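Please walk me through this structure, from the way the chains meet down to single rings and backbone bonds.

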Amino acid sequence: MADVKLLGTWPSPFSYRVILALKLKGIDYEYIEQDLSNKSPLLLQSNPVYKKIPVLIHGGNPISESMTILQYIDESWPETHPLLPADPYGRAVARFWIKFAEEKLSSASMIFRTSGEEQGKAVRETVEVMEILEEHAFGSLKEKGFFGGEKVNMVDLAYGVMGRWFDAIEECSGVKVIDPLKFPLFCGWAERFNEAPVIRDNLPGRKELVDFYKRRREMMLAAAAAASN
Amino acid sequence: MAANNDDVKLIGAWPSPYVMRPRIALNLKSVEYEFLQEQFGSKSELLLKSNPVHKKIPVLLHNGKPICESSIIVEYIDEVWSSGPSILPADAHDRALARFWAAYLDEKWFPNVRAAPRAATEEAKSAAVSQLKEGLALLEGAYGEISRGKDFFGGERIGFLDIAFGSMLGWLRAVQVMLGGVKLLDEEKTPGLVKWADKFSADPAVKDVLPETEKLLEFAKILMAKAKPAAS
């Protein structure tokens, strides 16, 4: 029986994408929390190119990049809870939105790392991305649905970070980005995602996330202020 | 499933390495298609309608349905025309490796190929060249590991990663010239890749798709001229 290990950090949304996929598929794994300020030999050996988490190690073989890991998990454990549509066109559309998430969601993390002008820019960029998603991606979901139909799939996991994590980022940054009046389809989906079976039992707690990002933000702003003095 | 009377169109342009990828994939599968070339400097109605989110080429239109993003199009072609030679590797870990390196090429390595000749200072140029060489060293290692002694990343035949990387060879060669003959692919430092590049370029599915270095250099001149502000 090949063993499965996950190298991650709490509460990285990229780690959580993999955790949620493993949980949805009912795969047993050993989670090994990493210290990114003092990278372990295992991490450096498993992801020599980027030295980042998450890394999945399956039967000794490492795989990195969260969405590549999810495709690997789906292909290696195809019997339970498929994470992509069966038809090639559905898969191509799913992959398109996964790539979009990989490329466009990083501006959101700048919201809690910055203040003033820079933060304003990050907010505007995030709103532009949200407008595209609301029209082209979430617009295609049926009212009760997920990207996977009645069940959560890989695309839902790619965007899942935007639920509880965005919520925590908004609270600790004092900025409201996702206006439910402007983004009703997204907000409906996010609520359903947070309540979905398995997902709801495996998300980080809201209070813990807010506390974490508050502390991170204080540290980053202090460091930025010290650097500019 | 694909049938003989499928309507297959590809919106693209001959100089784009991203467009070359689906063209090579369609050739591997012996699929006939109509190549709709965009006019340089403008975007057709069809492109804007087919890829409203990014407005970029390539876009594959299969019986009218649009598929966007070059690597996604290649995976789609592999899955639809499943009776042709396989493009993605069979093993899940090999597939993950192929996708990992294709993403590395797109996100980390190729941007330096484009940036190097346009670098404003000698210093910046030098830095871009160093990055390119470091990347090629990594890729030489990956080639050794993944090809397992065969000619290609995909083994005996060209596959997903060969296509992802090989589509960039035209511009890599052109940029070597533009940088005054700098050797990026090097018989001493990257011997595996040098051999691989020749074999890839000679493959029947690739030969008529990968542009001649001369043609790309001419095209680059036009691009650079358009990028310069008009002299007063």
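Helices and strands here are DSSP runs numbered from the N terminus, a helix having at least four residues and a strand at least two. With those names in hand, A:Pro54 can be placed in the loop between H2 and strand S3 (55–58) of chain A. The peptide bond leading into this proline, from A:Ile53 to A:Pro54, is cis, with omega near 0°. There is also a cis bond from A:Trp10 to A:Pro11, where omega is near -5°. A:Pro11 belongs to the loop between strand S1 (4–8) and H1 of chain A.

Before going further, keep in mind that this is a predicted model. The predictor gives the complex an ipTM of 0.94 and a pTM of 0.95. For chain B, the mean pLDDT is 94, and 96% of the residues reach 70 or more. Where pLDDT is low, the predicted coordinates should not be read in detail.

Now to the place where the chains meet. Contacts link 25 residues of chain A with 24 residues of chain B. The area buried between chain A and chain B is about 2,200 Å², and carbon and sulfur atoms give 68% of it. Which residues of chain A lose the most area to chain B? They are A:Tyr50, A:Tyr89 and A:Phe96, which together make up 28% of what that side buries. A:Tyr89 also has a partner across the chains: B:Lys65 lies over the face of its ring, at 4.6 Å from the ring centre. Within chain B, the charged end of B:Lys215 sits over the ring of B:Trp14, 4.4 Å from the centre.

A:Phe96 leads us on to helix H4 of chain A. At 1.5 Å a residue, the 17 residues of H4(A) should span 24 Å, and the end C-alpha atoms are 24 Å apart, so the two values agree. Buried residues of H4(A) include A:Gly90, A:Arg91, A:Ala94, A:Arg95 and A:Ile98.

The aromatic residues of this helix deserve a look of their own. Over all chains, the structure holds 29 aromatic pairs. A pair of aromatic rings is described by the distance of the centres and the angle of the planes. How do the numbers work out for A:Phe96 and A:Trp97? Their ring centres are 5.0 Å apart and their planes stand at 90°; an angle over 60 degrees counts as edge-to-face, so that is what this pair is. A:Phe96 and A:Trp97 are both buried. A:Trp97 pairs with A:Phe100 as well: the centres are 5.3 Å apart and the planes at 75°, so this pair is edge-to-face too.

A:Trp97 and A:Phe100 both lie in helix H4 (residues 88–104), three residues apart, about one turn of the helix. An α-helix has 3.6 residues a turn, so residues three or four places apart point the same way. Are these two rings buried or exposed? Buried means under 20% relative accessible area, so A:Trp97 qualifies at 8%, and A:Phe100 does at 2%. Elsewhere in chain A, A:Phe138, A:Phe147, A:Tyr159, A:Phe186, A:Trp189 and A:Phe193 form one aromatic cluster.

Let us finish in the loops of chain A. A:Tyr29 lies in the loop between helix H1 (13–25) and strand S2 (30–33). With 22% relative accessibility, A:Tyr29 counts as partly exposed. Leaving aside neighbours within four places in sequence, A:Tyr29 is in contact with A:Val4, A:Leu6, A:Ile19, A:Leu22 and A:Lys23. A:Lys39 is found in the loop between S2 and helix H2 (41–46), and at 32% relative accessibility A:Lys39 is partly exposed. Not counting residues up to four places away in sequence, A:Lys39 touches A:Leu44 and A:Lys51.

Two further loop residues have a positive phi without being glycine. For A:His81, phi is near 40°; this residue sits in the loop between helix H3 (66–76) and H4, and counts as buried at 14% relative accessibility. For A:Val198, phi is near 75°. The place of A:Val198 is the loop between helix H9 (184–195) and helix H10 (206–228), where its 29% relative accessibility makes it partly exposed.

Notes:
Residues are numbered from 1 along each chain as its sequence is written. Chains are lettered from A and ligands numbered from 1 in the order in which they are written. This is a predicted model: local features need pLDDT of at least 70, side-chain atom pairs count only at pLDDT 80 or more; totals for chains, interfaces and linings use all residues. Side-chain values use heavy atoms; hydrogens and water are left out. Rings of Phe, Tyr and Trp (its six-membered ring) pair if their centres lie within 6.5 Å; planes under 30 degrees apart count as stacked, over 60 as edge-to-face and the rest as tilted. Buried means under 20% relative accessible area, exposed over 50%, partly exposed in between (1.4 Å probe, protein chains only). A charge sits over a ring if NZ of Lys or CZ of Arg is within 6 Å of the ring centre and within 35 degrees of the ring normal. Contact means heavy atoms within 4.5 Å. pLDDT is the predictor's confidence in each residue, from 0 to 100. The expected span of a helix is 1.5 Å times one less than its number of residues. Buried area is the accessible area (1.4 Å probe) that two parts lose on being put together, summed over both.
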